Amino acid sequence: MTVLKIPELCVVALVGVSGSGKSTFASRHFLSTEVLSSDFCRALVSDDENDQSVTSAAFDVLSYIANRRLEAGRLTVVDATNVQVEARRSLVGLAKENNVLAVAIVLDVSEEVCAARNAARPDRQFGSHVLRNQHSQLRRSLRGLRREGFHRVYHLKDEGEISSVVIEREPLWNDRRKDHGPFDIIGDVHGCAAELVDLLDVLGYQRDLEGHSFCHPDGRRALFLGDLVDRGPATPEVLRLVMGMVEQGNALCIPGNHEVKLLRALNGKSVNAEHGLAESLEQLAAEPPEFSAQVVSFIDRLVGHFVLDDGRLVVAHAGLPANMHGRASAAVRSFALYGDTTGESDEYGLPVRYPWARDYRGDAIVVYGHTPVTEAVWVNKTICIDTGCVFGGRLSALRYPERELVSVPARRVYYEPIKPLISQQDEVEMREPTDLDIDDVLGKRIVKTRLSGTVTVREENAIAALEVMSRFAIDPRWLIYLPPTMSPTATSDQEGLLEHPRNALAAFREAGVGSVVCEEKHMGSRAIVVALRDPAVGPRRFGIEAPSGGVVYTRTGRPFFADIDLQTAFLAKVRLGIDEAGLWDELESDWVALDCEILPWSAKAEGLLRQQYASVGAAATRAVAAERAALAAAGARGVDVGDLVAQIERRDTSVEGFVAAYGRYCWPVESVDDLRIAPFQILAGEGSVHALRDHPWHLEVLGRLVDTDLTTFRATKALSVDLDDDTSERTVTQWWEELTASGGEGMVVKPIEVAHHGSKGLTQPGIKVRGREYLRIIYGPEYTAEEYLSRLRSRNLGHKRSLALREFSLGIEALERFVGTEPLYRVHECVFGILALESEPVDPRL
Amino acid sequence: MLLSITTRYRPATDLGYLVHKNPSSHYTTEIAFGHVHVVYPEASEECCTVSVLVDVDPISLVRTHRGAMVNEFALSQYVNDRPYATSSLMSVALSKVFGTAMAGRSKERPNLVDTPIPLEVSLPVTPCRGGARLVRRIFEPLGYLVGADAIPLDPRFPDWGDSRYMDVTLSAEVTLKSLLTHLYVLLPVLDDDKHYWVGSEEIEKLIHRAGDWLVGHPERELITRRYLRHDRQLTSEALSRLMEDDTADSGAPEPCQSVDEASIEGPINLKQQRIDAVLEIIRANGARRILDLGCGEGRLLAELLREPGIEQVVGLDVSHRVLEQAAKRLYLDTMAPRQRSRVELLQGSITYRDSRLVGFDAAAVIEVIEHLDRSRLDAFERMIFAYARPSTVIITTPNSEYNVRFLNLPAGEFRHRDHRFEWTRSEFADWCQQVAHRRDYSVTMSGIGSGDPEFGSPTQMAVFTR
């Protein structure tokens with residue numbers, strides 16, 4: 001038995017002359033989909049496997065497929081003769097481009113056997129010179145294969161060996177996906193032994209008896225990000241400590257660029273002893289020679305980066321883009337050590353680094369060091385934790401999976417930085433909306449949500465949202481949520497009515513909901529209020545200056561107030577209420593996002609009211625009066641006008657109802673004191689998505705907020721009902737009738753449990769039941785006439801309901817991601833999705 | 001909606017013979033969008049009034065897409081004034097119930113048909129864009145005595161002021177035939193809102209009904225334009241047939257978005273001057289790879305393609321629809337391959353980072369920034385000046401100081417209803433200088449279009465270079 005070990009992910013080049021049995025070998029050891037055959041590709045482009053004139057086009061096809069497979073991390077076997085060096089060079093190139101290793105397996109079968117096999121195949125009747133040529137090419141190739149860039153070369157010399165082969169697929173060294181930690185990931189130490197000991201101490205590690213190693217009582221392990229050496233005062237001590245911990249299984253370590261350079265120096269290569277290398281060499285010279293030998297062997301064995309915890313965590317000294325995770329190539333190693341340099345030098349003579357993290361869109365967290373920063377901040381799921389200890393900053397660790405930062409101050413400045421460390425301001429700059437790439441929003445979007453799996457946003461809707469988002473919406477850093485649309489209740493068949501509570505309750509009962517809350521609708525303008533305890537929370541938590549102390553925006557993400565001073569004054573009143581109600585402490589947060597209605601409707605919608613509602617009201621009132629007078633006069637003359645009079649009387653009542661209905665929602669607004677705010681849900685605060693808490697909690701907490709200032713806040717009347725209770729329907733109907741008798745908008749019925757999963761999946765989070773009079777401003781003044789109602793009843797709610805669920809899931813997902821400190825593009829994706837769904841055509845009266 | 005016609009001709013009841021409806025009965029007929037009733041509130045020797053009451057079914061109005069494009073996803077479709085205001089629907093009703101009278105036929109009173117008699121029309125709810133002044137401009141030249149009182153929007157909110165409806169009375173010595181024809185054509189003209197019919201057959205109708213009196217009417221152009229609802233193609237066709245003169249502009253209808261801006265700025269042809277100014281800068285800087293951000297329908301792109309030495313032209317716009325129009329306008333589908341390779345249209349946004357926009361010599365941002373909300377300017381600045389960083393950036397925007405010189409632009413209004421702001425010269429210069437300072441560019445300011453000593457040029461331009 002011959003065991004061939006190959007990396008789990010690599011390009012396997014089969015090498016052998018025509019008839020050597022490559023295809024048979026491939027089908028025995030690999031999945032049929034793993035094997036790309038040049039013959040097959042030739043046939044794809046020419047309908048003839050043996051048409052040599054299309055070899056170049058066939059290789060294009062092959063390499064296209066190979067690239068897509070390798071991008072996706074799939075092992076790829078190339079079944080071609082590969083006896084020519086040019087052919088093999090392309091395969092090694094393919095591997096390199098995709099940062100994977102290449103392996104060659106040579107099937108060295110005698111010319112006679114091959115000739116006999118070809119003779120048996122009618123399509124392989126080529127002259128014997130072809131085989132002879134291939135054989136001699138193979139002979140010439142054999143010696144140089146390793147040098148061509150193949151990581152491993154297996155030379156199988158006869159039929160017996162070929163048939164006894166077993167292939168073993170090995171994980172790469174950087175593959176530690178089965179290692180789940182927990183870890184304490186430690187940034188660049190640079191010879192600061194004292195601070196390292198301080199940090200290990202704070203992290204809870206204990207020194208072992210010999211004093212060179214530390215271990216954690218809970219089995220946590222340290223994970224060093226490299227650059228242990230150079231610049232600092234005690235490089236040997238740091239090395240001894242880390243080597244000891246690694247040896248005893250208490251730590252993992254990856255190399256930094258400084259280790260690599262030190263290794264070259266220790267190996268006697270000529271290097272420029274700059275950037276603190278001289279200090280290391282000097283300190284090591286004072287140690288016994290065998291210590292340096294241990295250091296050499298330690299550094300030599302370090303693996304460039306690790307993929308850990310089922311692929312959720314990646315560590316690399318200078319970071320690593322997603323397409324390099326778990327890959328192996330010189331380029332990967334170089335990126336992990338030096339980062340993404342542009343090749344230019346800055347004014348300090350240092351290499352200009354490209355901010356690769358800004359473009360990072362991978363799923364794994366990437367923790368890295370290398371670039372000293374004043375403060376470690378998350379950028380798109382990546383974090384640099386080199387807080388410049390040796391330059392007098394701090395030595396930092398990231399606890400994983402907790403994602404807590406722990407740091408200790410440097411005892412002093414050991415080394416003057418050549419250029420100032422990156423400041424907090426630059427870090428905020430890095431999080432600005434330039435983080436949002438057009439590719440984050442354009443085209444068809446598929447968003448994974450916790451509540452209901454994937455939500456698809458169609459391209460045309462994304463296009464509509466893009467226009468709104470780019471031109472009108474507030475800064476995306478504030479947009480952590482958009483309210484979902486809500487479906488009305490199934491249509492009532494009761495006379496004179498389009499909507500009635502009975503149908504809403506029935507829908508929830510059917511979905512298996514036990515109890516519901518009915519909440520009054522205020523007919524204000526929907527608003528999301530993000531209130532900050534103080535403006536400094538803006539840059540810190542939202543990455544944006546907050547002169548207003550927060551922001552108020554509409555259901556489509558536009559600024560609620562055109563006037564920034566009005567927003568500031570409004571938020572001041574909200575903040576005062578939150579202060580007095582003690583909610584900052586209660587919610588353990590210095591910011592809070594509230595879902596509200598702001599009244600009166602006319603404050604935001606006066607244009608609409610005047611142009612549309614009041615206009616229709618004025619025209620209707622006059623027209624009806626004139627019609628009535630004309631009919632009365634004709635009637636007085638004895639003309640039989642039939643039921644026309646009754647019709648006009650009915651129209652008169654309808655128009656009066658219409659005018660009364662919109663008038664309720666209008667009052668003059670001269671200052672912020674004329675506005676009322678009716679908060680009905682606490683969406684989120686630091687560390688917590690409150691939106692999923694039961695509704696009674698929201699009403700209770702917000703009730704206390706409302707009570708602090710009854711002129712600014714307006715309470716939302718609510719009624720909780722047990723659906724199993726026989727009287728529930730009567731109670732709710734009576735309550736609703738009281739709310740709506742004089743034009744009140746109506747109510748929303750919500751399951752007590754916000755995200756209720758019933759037999760048909762996620763239940764509607766709310767169903768609105770609007771008042772009969774109010775609906776005149778939606779369906780037209782005269783909609784209550786049975787002749788109209790009978791036609792209006794055939795309304796289709798399916799699409800609206802589906803949108804409501806998808807938008808609800810996206811909204812909760814946006815909040816979860818923001819609260820989970822996920823990168824802006826991840827939050828924006830959800831919010832953008834809601835806006836896109838809102839652009840789908842749907843009956844606006846629903 | 002209601003319309004009443006009263007006469008004091010003796011015997012006044014002859015009115016019934018003229019309109020072919022018996023004063024002592026209630027006449028009803030059905031039309032596509034409801035019912036029309038004719039009743040006589042008064043019918044005596046001295047005075048006779050005939051009222052036309054149109055009972056509109058608002059639902060059928062939405063569901064029957066009669067000619068004009070109906071957006072069924074706009075709420076305004078469902079709550080609107082059409083059942084109450086005398087508009088094109090009344091014209092339709094009049095031609096239905098008084099068609100014979102309008103045609104000038106009367107079996108019983110054939111002599112009266114062509115006799116001017118004292119007639120008074122009452123239109124209690126007349127939608128009128130242009131107010132009482134317009135009612136007079138339209139009807140006085142035809143010999144009417146005009147009464148027009150504004151109807152307040154809502155007596156509960158006096159601040160809201162008057163509605164766009166007038167209580168109108170018209171009186172004249174006129175033939176009933178003429179009166180009805182005038183109303184038929186002019187009610188939709190006053191309204192100037194969506195009509196429920198516009199098509200080329202409307203030209204025939206217009207000529208048929210108004211051929212004899214419209215030619216001499218001083219407002220014939222406005223009447224024709226409004227009657228045919230601003231469709232410039234139809235308008236000019238109709239006008240030229242009326243005037244037997246083909247000098248009128250026969251260009252294709254402008255997309256509605258640019259109508260107001262073009263008509264305000266139109267006389268000085270600023271559009272072309274802006275393009276010329278941009279081309280001049282691009283030539284002077286020797287730029288070869290050019291971005292047109294917010295390219296719209298591609299007017300600048302087309303001119304850039306004609307410039308020798310320009311290697312690549314990329315147009316970016318957020319609107320897919322507009323890009324399709326640009327592709328059509330540039331004839332992309334049939335363009336020669338070599339030329340085709342010089343031009344590219346991209347959908348995107350100037351507030352999102354976009355790697356496709358990196359590496360250009362110049363970017364033109366012509367009349368674009370004023371369409372962004374002020375708060376989005378920061379993102380635009382970072383995208384273009386910090387990320388894409390073309391060597392030259394040309395930005396133009398209206399100079400709001402100059403607006404007072406536009407005769408047809410009300411004070412304080414923007415040139416285009418989609419503008420989010422318009423800057424004075426110092427506001428624009430301040431912003432440009434800050435951007436240049438922050439992003440390491442230098443900037444020069446200038447104006448486009450013939451300047452005014454006090455208010456400057458109509459368009460202002462900033463050229464950033466690095």
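# Strands, domains and chain contacts

Biologist: How many bridges join strand 25 of chain A to strand 36 of chain A?

Modeller: Strand 36 spans residues 767-770 of chain A and runs parallel to strand 25. Strands here are DSSP runs of E with at least two residues, helices are runs of H or I with at least four, and both are numbered from the N terminus. Strands count as paired if DSSP finds at least two bridges between them. For strand 25 and strand 36 of chain A, the number of bridges is 2.

Biologist: What pLDDT do local features need?

Modeller: This is a predicted model; residues are numbered from 1 along each chain as its sequence is written, while chains are lettered from A and ligands numbered from 1 in the order in which they are written. Totals for chains, interfaces and linings use all residues, side-chain atom pairs count only at pLDDT 80 or more, and local features need pLDDT of at least 70.

Biologist: Which strands stand at the edges of the open sheet of 5 strands in chain A?

Modeller: The order in this mixed sheet is 25-36-33-26-32. Each edge strand has a single partner, so one of its sides is left without a neighbour in the sheet. In chain A these are strand 25 (487-488) and strand 32 (718-722).

Biologist: Which helix of chain A packs on the sheet?

Modeller: A:Ser487 has A:Ile767 in strand 36 as its bridge partner. The helix touches strand 26, strand 32, strand 33 and strand 36 of chain A, where contact needs C-beta atoms, placed from the backbone, within 7 Å. Its direction makes about 165° with that of strand 32; axes are lines fitted to C-alpha atoms, for helices over the stretch in contact, and angles run from 0 to 180 degrees between N-to-C directions. The helix, residues 728-740 of chain A, is helix 24.

Biologist: What is the radius of gyration of chain A?

Modeller: Chain A has 28 helices and 36 strands. The globule rule (2.2 Å times the number of residues to the power 0.38, with the radius taken over C-alpha atoms) gives 28 Å for 846 residues, and chain A is well over that, so it is more spread out than a compact globule. Its C-alpha atoms fill a box of roughly 120 × 80 × 55 Å along the principal axes. The radius of gyration of chain A is 36 Å.

Biologist: Which helix gives the largest share of the side of chain A that touches chain B?

Modeller: The interface brings 52 residues of chain A into contact with 60 residues of chain B. Elements giving two or more residues to the chain A side include helix 16, helix 22 and helix 26 of chain A. By class that side has 31 nonpolar, 8 polar and 13 charged residues (Ala, Val, Leu, Ile, Met, Phe, Trp, Tyr, Cys and Pro are nonpolar; Asp, Glu, Lys and Arg charged; the others, Gly among them, polar). The largest share, 18 residues, comes from helix 21 of chain A.

Biologist: Which helix gives the most to the side of domain 3 of chain A that touches domain 5 of chain A?

Modeller: The domain bounds come from an automatic or database assignment, and the centres of domain 3 and domain 5 of chain A are 21 Å apart over C-alpha atoms. The contact takes 20 residues from domain 3 and 22 from domain 5 of chain A. Helix 16, helix 27 and helix 28 of chain A each supply at least two residues of the domain 3 side. With 5 residues, the most comes from helix 27 of chain A.

Biologist: Is A:Gly811 buried or exposed?

Modeller: A:Gly811 lies in helix 27 of chain A and touches residues including A:Tyr481, A:Pro484 and A:Ile834. A residue is buried with 20 or more other C-beta atoms, placed from the backbone, within 10 Å of its own, exposed with 12 or fewer, and partly exposed in between. Because A:Gly811 has 25 such neighbours, it counts as buried.

Biologist: How many of the 10 residues of helix 3 of chain B are buried?

Modeller: The buried residues of helix 3 of chain B include B:Ser88, B:Met90 and B:Val97. Among what covers them are strand 1, strand 3 and helix 6 of chain B. Helix 3 is largely enclosed by the rest of the structure, because the buried count is 8.

Biologist: Which residue follows B:Arg10 across a cis peptide bond?

Modeller: Most peptide bonds are trans. Here omega is about -10°. The residue, in the loop between strand 1 and helix 1 of chain B, is B:Pro11.

How values were computed. Contact = placed C-beta atoms within 7 Å. Lists of a residue's contacts leave out its neighbours within four places in sequence.
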